[in-house]
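Hi everyone, thanks for making time for this. I'd like to walk you through one structure today, so let's put it up on the screen.

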Amino acid sequence: MRNKYIFVVTFIICTFNLVTAYSETIRVSSEKLNVYRDNNVSIFIGNVNAEDSKIKLWSDKMSMFYDETKKTVFKIVAENNVKIIVNGVTAYGNFSEYLVDNEELLLEGEVIVIEENNKIKSDQLILDLANSTSIMTANSNSRVTAQINK
């Protein structure tokens, strides 16, 4: 019993150190965490919430990829029921990829962007946080639609 307790405590400490050693600014909570040290990836599952100084993200599943040489998180992938808040704009979709170093965010799958009372729908959003630009596109069989209040 004592060995089991020591193992659990050691595992929790190692997991915490793995997540925080790579980036001190990304805070994550979830129902479950799987750490794959050989692949330098941590997978958070169930009511995931992630936040850094620029972005807040919620999803059902999120994978964080680490660069072992730089000791930083370089990519965050969120899947299913994705919600992102950046600079007062809320966006929803089914899949998201955030490239941390480039400050680029890709959101795909039934994308809805809401700012104040304005709403835009598309199939894909590419957001460049460093340059404050965004591109919304639709598939060939749909269109980008906007509801803009005067």
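Strand E8 gives the largest share of the lining of the largest pocket, with six residues. Before I go on, keep in mind that this is a predicted model. That pocket holds about 390 Å³ of space. Its lining has 23 residues, and the ones nearest the centre are Val-89, Val-113, Glu-115, Leu-127 and Ser-134. E8 has company here: the elements that give two or more residues to the lining are strand E5 (72–86), strand E6 (89–99), strand E7 (104–115), strand E8 (118–128) and strand E9 (133–137). And what sort of residues are they, by class? The lining divides into 13 nonpolar, seven polar and three charged residues.

Okay, let's step back to the whole chain. It has one helix and 10 strands. If you read along the sequence, the pattern goes α-β-β-β-β-β-β-β-β-β-β, so to speak, helix and then strands. There are 150 residues, and 31% of them count as buried.

Now for the inside. The largest nonpolar core has 25 residues. Which of them have the most contacts inside the core? Those are Met-62, Met-64, Val-73, Ile-76, Ile-84, Tyr-98 and Leu-107. The elements giving this core two or more residues are E3, E4, E5, E6, E7 and E8. E5 provides the largest share of the core, six residues.

Some of those names come back when we look for cavities. The count is one cavity of 30 Å³ or more, and the largest cavity has a volume of about 70 Å³. Its lining is made of Ile-26, Ala-50, Glu-51, Asp-52, Ile-55, Leu-57, Met-62, Ile-76 and Tyr-98. Strand E3 (41–51) and strand E4 (56–67) are the elements that give two or more residues to that lining. By class, you get seven nonpolar residues, no polar ones and two charged ones.

Next up, rings. How many aromatic pairs does a search of the whole structure find? Just the one pair. The partners are Phe-65 and Phe-74, and the pair is tilted, with 6.3 Å from centre to centre and 50° between the planes. Are these two residues buried, or partly exposed? Phe-65 is partly exposed, because its relative accessible area is 23%. Phe-74 is partly exposed as well, with a relative accessible area of 33%.

Phe-65 has another neighbour to point out. The charged end of Lys-75 sits over the ring of Phe-65, 4.7 Å from the ring centre. You can find a similar arrangement at Trp-58, where the charged end of Lys-83 sits over the ring, 4.9 Å from its centre.

Last stop: two residues with backbone angles worth a look. Lys-71 has a positive phi of about 60°, although it is not a glycine. You'll find Lys-71 in the loop between E4 and E5, and it is partly exposed, with a relative accessible area of 44%. Then there's Glu-103, which has a positive phi of about 55° and is not a glycine either. Glu-103 lies in the loop between E6 and E7. So is Glu-103 buried or exposed? Glu-103 counts as buried, because its relative accessibility is 19% and the cut-off for buried is under 20%.

That's my tour, thanks for listening!

Definitions and conventions: Residues numbered from 1 in each chain as written. Predicted model: local features only at pLDDT ≥ 70, side-chain atom pairs only at ≥ 80, totals over all residues. Heavy atoms only, no water. 1 Å grid on protein atoms, 1.4 Å probe; cavity = no way out; pocket = protein on both sides within 12 Å on 5 of 7 lines; lining within 4 Å. Points joined across faces, edges and corners; volume = space filled by probe spheres on them. Helix = DSSP H or I, 4+ residues; strand = E, 2+ residues; numbered from the N terminus. Nonpolar A, V, L, I, M, F, W, Y, C, P; charged D, E, K, R; others polar. Phe/Tyr/Trp six-rings, centres within 6.5 Å; stacked < 30°, edge-to-face > 60°. Buried < 20%, exposed > 50% of the residue type's maximum accessible area, 1.4 Å probe, protein only. Lys NZ or Arg CZ within 6 Å of the ring centre and 35° of its normal. Core = buried A, V, L, I, M, F, W, Y, C linked by side-chain atoms within 4.5 Å.
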